[in-house]
Amino acid sequence: MIRYISIVFPLIAFSCEKEVHLDNEIKTPRITVNGILDPEHSIELEISESAFILQSGFKMPALENAKALLYDSDYNLLGEFEHETLGVYYLPGVQVVSESTYFIKVSCPGFNDVTSKTIVPRAPINVDYQMQFKDDIVSYQISFQDDAAEVNYYWVSIVQMKKTEYGFNGFSDINRHICSNNVAVENQSEIIGEASICDKFLFFSDQTFNGNAFQINFDQSNSKEANDTVISILNFKSVSEDYYKYLITREAYASHQQDPFAQPGQVHTNIENGFGILAGSNTFSDTIYW
Amino acid sequence: MKRSILLLFTVIAFNGFAQTKHTISGYIKDAETGEALIGAKVYVPALSVGAIANVYGFYSLTLPEGNHEITYSFVGKTPSKKLVTLDADMSLNIDLTPTGMLDEVVVTGEVKQHESTDMSTTDLPMSKVKSLPVLLGEVDIIKTAQLLPGISSGSEGSSVIYVRGGGPDQNLILLDGVPIYNANHLFGFFSVFNADAINNVKIIKGGFPAEYGGRISSVIDIRMKEGDMKKIHGEGSVGIISSKFMINGPIIKDKTSFMISARRTYLDILAKPFIALANQNNGSSDKVSGGYFFYDVNMKINHIINDKNRIYFSAYLGDDKFYVNSTYDYESNGKTYYEESSGGLSWGNKIMALRWNHQFGPKLFANTTLNYSDYKFKTGFALKSYEEGKENTPEQNFSFDYLSGITDWGGTMHFSYYPNPNHKIEFGVGEIYHTFKPGVNQFKYDNSGATLDTVYGGRRVYAHEFYGFVQDDFKINRRIMANVGLHFSNFIVREKYYNALQPRAAFNFLLDEKSSLKVSYSRMAQYLHLLTNTTIGLPTDLWVPATDTIPFQIGDQYALGYTRELEKGYRITTEAYYKQMNNMIEYKEGASFFDTSNDWEQLVEVGKGFSYGLEVLLEKRTGKTTGWIGYTLSWTNRKFENLNNGDIFPYRYDSRHDISVVVTHKFNDKIDVGLVWVFSTGNAVTLALQQYNALDDEYYFNSVVEHVDERNNYRMPSYHRLDLGVNIHKKKMGTSHLEFWIVQCLQSPESILP
């Protein structure tokens, strides 16, 4: 027996931690493209490169020598983006129109080309709104007609601003937080897994009111003080499905990012071979003086 | 269907009236201890008919009138031949004597795999469990089960099991017929089962008989020892981390017996001097103490009232406790103040079962059970500060506790009816009353007169689970056997009524005297879910019921197998299976079990699971060297509409290849060695591999997204481990155990480097 033990003994218990070396392919950076195509805004893309997960750095390097092209739904070239600064590219002289599909192609030396497409949705139909004051709450009632022909997604922000000497265009933010207890927004909260239905912007789908006239209320605390000149800027958008998925998944991702026990979340991307989001939106906007 | 039932009963009736027959019945026991010999074989060679003793050692065999030579046999016991003259029903209890210390293991008297309709089923011999290398001296049934094909541990060292791609919640673990909810000690490193107290373990991975229900992936039916009816004796051991003892014997000889076993770890006691030394040397008034321990106690009392009635009472009690305490004193305005804090967590099971065996006649055996099962988890912390001498009037007194658990009260009636040697009909009913306590927070605060005492969190959920079943294990002809049954269950929760009809069928086609082909189908329903996002079976895992919004789980499994007895004690078994699991739950993306702001139902998604594979088991069952080689080739996937973009993704424990080699060799009566080698394809884990800039908008600016391609997108490297153990038996000192561990390629995500 001693003989057997002496043979086995050199193999006596040890534990090891082996380093796992990942394939280069996994570590290779890819092109990241972010942009929103909206008829109310100029066409802008932010182009940067991704980085391997263990690389430190708050902001990924901007790609300043990328070539970005915009096509219409028939693959007719609409123009080439111009780099302005720090990876921000503009396409002057072109305006996107609602209910149209657009494609982009971005290439950059040292990277694989990336492509994406999005649709610019129809702007919200027959939008009307009313404002009411009760105690310290400002209530906004927004009504509109949902288009029955397609699944629609909406995005709302209401920014209270007051006149100041130093603010942008003479106005500064005093409150962006809005709340809603409408079931459409609650559905979004359930998807995210959050109980809160207050945020700096809210988004929802027409799942609960498809094809009908719909009214939704948003409450905001009244941040106006005596002698303030205050405005509310209402932005009510139709957004593309990809954009809605991106918003939902990013919200879920962000809300538990610091929790080590949280399940990993996937943020939706529609950039082929790369990362980011090419979103489509169409905005109804109004400024309310009060 | 009606026609089939009519035909079945016609056949049974015909068999019953064709000839004058009588029934011989009784109990088969160990002659030395009086323990029931579960699965002992009764056989009449002249007629080629037989029966198997049930879990209480009861058998019943109906034979034609006349003289018969009947053989009673069991593994490790000397077979007994009885010549009986059967001219009326008769009762015959049999005591089998051990074969004595043998130079080599001899297997006789067991039911051959190919002769039974049991499929995907393994009886785990306790002798084998005790002879294998073990972690820190703790013999563990569950860890031995993990070495069988189709069963994996998920992660190294864990006592959680994953059976044929199922989740850890889908295993029905029964201790003397009572479900155990959290079968782990020491954060999953040890199972709660003390091997010294266990008589028999049966593991079923598929082809489930209709008597079982409530879980969709496996049944682990563990039976405790009943206690020696002849003489008092015991055994004990001192291990690296724990000590244990077991004592059993008669209270009234051949009438009433008891068995009690207990074990306790002493990591906390061993650590005390070191902690005291550290406190002495830390140079401050800060004193810290802490520790961890677990204990468990198994007990059983078995009383024979008369030949037709006996009762059993069995109980299990176990707790784990982890605690940290600290004290700190300081001077202020010439006064001394003390600050005491404490925290920790504890969890444990309490199980009780009262069973009554009653023999209505030689052909009808009944078992009635009343049972209670309780699992509790508690964690919390407390802080108290007070001036010296004013401990009873603290300036600040604060505590927070989190409690969760599940309590069951249940009752079952199971009947076994043996109309003739070709049929064994079983039927029964059962009811479980569940009380779910899904996470309650208790907050107390007392600050110089200002007090707060509040409780908030998940509300208790009450549910009734009822079931009934009927099954017949029968011979269709000389070559074909079948076990066909139906299990019906329903579940009432929050005024929602669920029910499920679960057909079960297993067929065995004898190809020749040594081999058979088996096929089975089973549907199982499960009304419980386990909320977990850990991988090691932590006590924080929360059992929750199916509700009006979260449906119950359904599992369908098909299996095809071939088994053959080979020369020299070898046996090979192969099985292919396909399993679909519906209504499984997973946490939503981003959801966390620390999120107490939401009801748990809002944190989960409902989806499907699929698993299919091939298992091969080559066993050597006799000789000085025994053991097995198991191989599993499998694929396990999940599909959830709102996870992974709705695409199929691999289950975390999807393992393409699993190999286990288990060998024990007995050199002589004093020394035996055990060897275990396991190999497994690496787990699938979710890793973010790239990071990129997110879209800047009103809310997020300069934010970065860590990108996850797909759920479980990265495959960890393969893993293998070799364990060696040496057992040295000395008559006066008992058994000493030496162990060696050789681990290769044990990786964790933290070890990944660029």
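Let's start with one residue, B:Thr547, which is buried, with a relative accessible area of just 1%. That value counts as buried because the cut-off is under 20% relative accessible area. Keep in mind as you look around that this is a predicted model.

Where does B:Thr547 sit? You'll find B:Thr547 in a loop of chain B, between strand S33 (542-545) and strand S34 (553-565). Now look at what surrounds this residue. Setting aside neighbours within four places in sequence, B:Thr547 is in contact with B:Val493, B:Arg494, B:Tyr498, B:Trp600 and B:Glu601. One of these partners, B:Glu601, also makes a polar contact with B:Thr547, side chain to side chain, at 2.7 Å.

Next, let's go to a spot where chains A and B share a sheet. This open sheet has three strands in the order S4(A)-S42(B)-S43(B), and the pairing is antiparallel. At the edges are strand S4 (51-52) of chain A and strand S43 (704-707) of chain B, each pairing on one side only. Strands of a sheet pair through backbone hydrogen bonds, in either a parallel or an antiparallel way. Here, S4(A) and strand S42 (residues 690-693) of chain B are joined over two bridges, in the antiparallel sense. Which residue of S42(B) is the bridge partner of A:Ala51? That would be B:Gln691.

Finally, step back and take in chain A as a whole. Chain A holds four helices and 20 strands, and 48% of its 290 residues count as buried. Among the contacts in chain A with a separation of 6 or more, 65% link residues 24 or more positions apart. As for its surface, chain A exposes about 14600 Å², with carbon and sulfur atoms supplying 48% of that.

Technical notes:
Residues are numbered from 1 along each chain as its sequence is written. Chains are lettered from A and ligands numbered from 1 in the order in which they are written. This is a predicted model: local features need pLDDT of at least 70, side-chain atom pairs count only at pLDDT 80 or more; totals for chains, interfaces and linings use all residues. Side-chain values use heavy atoms; hydrogens and water are left out. Two strands pair if DSSP finds at least two bridges between them. Buried means under 20% relative accessible area, exposed over 50%, partly exposed in between (1.4 Å probe, protein chains only). A polar contact is a pair of N or O atoms within 3.5 Å; within protein, one must be able to donate a hydrogen and the other to accept it, and residues adjacent in sequence count only if both atoms are side-chain atoms. Contact means heavy atoms within 4.5 Å. Accessible areas come from the Shrake-Rupley method with a 1.4 Å probe; for residues, only the protein chains shown count as cover.
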